[in-house]
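Visitor: I've got a model on my screen and a coffee in my hand. Please walk me through it.

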Amino acid sequence: MAAFTCSSRPPVSLRSEMRIGSTPTGSFSTRQMFSVLPESGGLRTRLSLSSVSKISRVSRLQRRGGGGVICEAQETATGIPVVNDSTWESLVLKADEPVFVDFWAPWCGPCKMIDPIVNELAGQYAGKMKFYKLNTDESPSTPSQYGVRSIPTIMIFVKGEKKDTIIGAVSKTTLATSIDKFL
């Protein structure tokens, strides 16, 4: 799973502005700024600003120097095994003990927020419940089969049957209470 470390440093700049319309009182423009750092291994972030502004304001924006938010991808270790569309049946539906599945995606901020909580719970309930993570971008069939429309979504399965669903970034207490109902 990738995590992102962000800092505000001046970017190695790539700016562009495209006029998409103009009136006597102002212009419509889309401004994009790309940030690339040599140590980021080529990771490029894009910031877009669409605005309706007067021509003088647009030119001030063009002259204004500035930094940007730079994000660098990093690998993080998680002890929770991954399940996907092809391993779903054998790992989740045919499991002998209750199964906790975290539906997530690498771009999802709330998923990153609850990740440490899920990792902590996996350690706390080791031997009592199996924990898996399913990346919804890499395995879209299973989430659609179970009606997952937003992430993070946590589902608890007992003997192959879905017993509980928790949607959103919730507290450790909320997740623990849901787990305890099925142990």
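Visitor: Let's start with β8 and β9: how many bridges join them?

Guide: Heads-up: this is a predicted model, where local features need pLDDT of at least 70, side-chain atom pairs count only at pLDDT 80 or more, and totals for chains, interfaces and linings use all residues. Residues are numbered from 1 along each chain as its sequence is written, and side-chain values use heavy atoms, with hydrogens and water left out. Strands (E, at least two residues) and helices (H or I, at least four) are DSSP runs numbered from the N terminus, and two strands pair if DSSP finds at least two bridges between them. β8 and β9 run antiparallel, and the number of bridges joining them is six.

Visitor: Which residue in β9 stands opposite M155?

Guide: Use the neighbouring register as a check: I156 stands opposite D164 in β9. For M155, the residue across in β9 is T165.

Visitor: And which residue in that hairpin takes a positive phi?

Guide: The hairpin of β8 and β9 has two residues between the strands. The one you want is exposed, with a relative accessible area of 70% (exposed means over 50%, buried under 20%, partly exposed in between, with a 1.4 Å probe and protein chains only). Its phi is near 50°, a positive value in a residue other than glycine. It sits in the loop between β8 and β9, and it's K159.

Visitor: Zooming out, which strands stand at the edges of the sheet?

Guide: Four strands form an open sheet with mixed pairing, in the order β7-β6-β8-β9. The two at the edges each have a single partner strand, so one side of each is left without a neighbour in the sheet. Those are β7 (130-135) and β9 (161-167).

Visitor: Which helix packs on the sheet?

Guide: The sheet's twist averages 20° from one strand to the next. The helix touches β6 (99-104), β7 and β8, where contact means heavy atoms within 4.5 Å. Its direction makes about 165° with that of β6, using axes that are lines fitted to C-alpha atoms (for helices over the stretch in contact) and angles from 0 to 180 degrees between N-to-C directions. That is α3 (residues 109-124).

Visitor: Which strand gives the most to the largest nonpolar core?

Guide: A nonpolar core is a set of buried Ala, Val, Leu, Ile, Met, Phe, Trp, Tyr and Cys residues joined through side-chain atoms within 4.5 Å. The largest has 18 residues, and W88, V92, V101, F103 and F157 touch the most other members. α2, β6, β7 and β8 each supply at least two residues. The top contributor, with four residues, is β6.

Visitor: W88 keeps turning up. How are the rings of W88 and F157 arranged?

Guide: Rings of Phe, Tyr and Trp (its six-membered ring) pair if their centres lie within 6.5 Å; planes under 30 degrees apart count as stacked, over 60 as edge-to-face and the rest as tilted. W88 lies in helix α2 and F157 in strand β8, so the pair ties together parts that are 69 residues apart in sequence. Both W88 and F157 are buried. Their centres are 5.3 Å apart and their planes at 85°, so the pair is edge-to-face.

Visitor: What about W88 and Y146: what angle lies between the planes?

Guide: W88, F103, Y146 and F157 form one aromatic cluster. W88 and Y146 are both buried. Their rings sit 5.5 Å centre to centre, and the pair is tilted, with the angle between the planes at 50°.

Visitor: Which peptide bond is cis?

Guide: Look in the loop between α4 and β8, where P152 lies. P152 is also among the residues in contact with I167, which counts as exposed at 54% relative accessibility. Omega is near 0° for the bond from I151 to P152.

Visitor: Last one, the disulfide: which hand does it have?

Guide: The structure holds one disulfide, taken as a pair of cysteine sulfur atoms within 2.5 Å. It joins C108 to C111, with S to S at 2.4 Å, and both cysteines are buried. The torsion about the S-S bond of C108 and C111 is about 80°, so the disulfide is right-handed.

Methods. Lists of a residue's contacts leave out its neighbours within four places in sequence.
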